[in-house]
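Here are some short exercises to work through with the structure open beside you. Try each task before you read its solution.

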Amino acid sequence: MGLNETPSSERVHIGFFGRRNAGKSSLVNAVTGQDLVIVSDIKGTTTDPVYKAMELLPVGPVLIIDTPGIDDEGALGELRIRRAKQVLNKTDVAVLVIDGTLGKTPADEALIRVFQDKQLKYILVYNKSDLLAGVPVPASVGDHEIYVSSTTKANIQALKERIAALALTEEPKLRIVGDLIGPGDLVILVVPIDKAAPKGRLILPQQQTIRDILEADGVAVVVKEFELREVLERLAPLDKKPKLVITDSQVFAKVSADTPLDIPLTSFSILFARYKGFLLQAVQGIKVLDELEAGDRVLICEGCTHHRQCDDIGTVKLPRWMKNYTGKELTWAFTSGVEFPEDLSPYKLILHCGGCMLNERELRYRQKCAQDQGVAFTNYGTIIAYMQGILKRSVALFPHIAAELEPEERQGTQGLSRAY
Ligand SMILES: Nc1nc2c(ncn2[C@@H]2O[C@H](COP(=O)(O)OP(=O)(O)O)[C@@H](O)[C@H]2O)c(=O)[nH]1
Ligand SMILES: [Mg+2]
């Protein structure tokens, strides 16, 4: 992702699915107007999902995803089918590409049932209409079927309009912080700049939070953890009490100590768990921490593969802090990127990163998998706040979520604070 582009996680995800040789890749090329994906009459040409960001008016930024065929064969074929199915979990609008000369097959019917189970918006596209005599004229936008030709580009524009119409019926997006503040409100963001911070830039959740504050006509003041106390002291005589302090979870303890109790405090992670739709589950999931036994398995999931800071927290710091907190030897497993195990039953607890690189649908899907299998699911920031005894304070902005916590949260964290 370039810094000038809308992050992928914020784009409407449009997945193209179907059998091999239906013309999925040809159609993706026709829709994006680019020869992006290799097209051939050899079955199984597309082996990995291919992603292309584009502007689709009137929706705006979207992510087009081409997938391998869902009818692939052999061991490698199975792997490709799995890849295609992984894409389904983050798809907002599904396009089922059918070879118009062959018509709908049982494999297509099965896929339609999956779309319906997942309550996905979808459209059926009969491709290769140039090979058919007497092609039906497209009905009005909103219909669920359309005939197109990727070769002659017939009806491609009409297809784009229908995809856009489906995408626009998506629920309005949740806010990060914009709904918590009003015009002119001052929000202080605490951003440590240590050696784990990426060079020359802020990380995505910080950028997005600043953007959301500005969009709500608020005022964002960004400080490192060492400057917070002084900035608060300088603001006090001016009668400029901040509406909110938002901190990186890693410096939670210090920031909590430096922020007067009458100023609400939360973290980027907690705001992002809410933004991605699973804060309630994250807070409920935390209770398992106090029930863990020696040897219990904990799964730590990174949403991306290259994020230095998350990586460091996930693989090194969290296991150490949790060992300090529980006093038990736990067993750790790690996944990153698109990998998310289908069988979660070996785990007592799943700790997910903030998920800034994953879209809301994918995080909800992961949380739902855990819920269906009865495994607790939470995120880094929530568990860090809990271990430091400040989770209650961090979610006080959301009374229905704060109500989930015991009146007196466990406070045995002195050893932990030193470990930071
Ligand atoms: N005549 C015709 N051929 C097409 C059309 N779309 C795709 N094809 C051909 O169908 C074959 C499979 O296309 P491809 O896009 O690779 O299919 P995929 O496996 O679903 O990605 C290729 O030989 C394409 O040239 C179309 O609209 N009309
Ligand atoms: Mg293909």
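**Exercise 1. Find the polar contacts of ligand 1.**

Solution. Start with the side chain of D130: one of its N or O atoms is 2.8 Å from a nitrogen atom of ligand 1. Keep in mind as you go that this is a predicted model.

Next, turn to the oxygen atoms of the ligand. One of them has a polar side-chain atom of S149 at 3.4 Å. For A22 the partner is in the backbone: an N or O atom there lies 3.3 Å from an oxygen atom of ligand 1. Finally, look at the surface: on its own, ligand 1 exposes 580 Å², and 84% of that is buried by the protein.

**Exercise 2. Describe the shell around ligand 1, taking a cut-off of 4 Å between heavy atoms.**

Solution. First, count: 18 residues surround the ligand. Then pick out those that come nearest, which are N21, K24, S26, D130 and T151. D130 is thus a residue you have already met, through its contact with a nitrogen atom of the ligand.

Now sort the shell by class: 9 of its residues are polar, 6 are charged and 3 are nonpolar. Last, ask which element gives the largest share: helix α1, residues 24-32, supplies 3 residues.

**Exercise 3. Look for enclosed empty space, and characterise the second largest cavity.**

Solution. Searching the whole structure with a threshold of 30 Å³ or more turns up 2 cavities. The second largest holds about 50 Å³ of space. Its lining consists of 10 residues, and V191, P192, A197, P198 and Q206 are the ones nearest its centre. Classify that lining and you get 7 nonpolar residues, 2 polar and 1 charged.

**Exercise 4. Why can the protein be called as compact as a globular protein of its length?**

Solution. Begin with the elements: there are 15 helices and 14 strands. The radius of gyration is 24 Å, and the globule rule gives 22 Å for 420 residues; the two values are close, so the protein is as compact as a globular protein of that length. To complete the picture, the C-alpha trace spans about 80 × 50 × 40 Å along its principal axes.

Methods. Residues numbered from 1 in each chain as written. Chains lettered and ligands numbered in written order. Predicted model: local features only at pLDDT ≥ 70, side-chain atom pairs only at ≥ 80, totals over all residues. Heavy atoms only, no water. 1 Å grid on protein atoms, 1.4 Å probe; cavity = no way out; pocket = protein on both sides within 12 Å on 5 of 7 lines; lining within 4 Å. Points joined across faces, edges and corners; volume = space filled by probe spheres on them. Nonpolar A, V, L, I, M, F, W, Y, C, P; charged D, E, K, R; others polar. Near = heavy atom within 4 Å. Polar contact = N/O pair within 3.5 Å; in protein donor to acceptor, adjacent residues only side chain to side chain. Areas by Shrake-Rupley, 256 points an atom, 1.4 Å probe, with all protein chains shown as cover. Helix = DSSP H or I, 4+ residues; strand = E, 2+ residues; numbered from the N terminus. Rg over C-alpha atoms; globule rule 2.2 N^0.38 Å.
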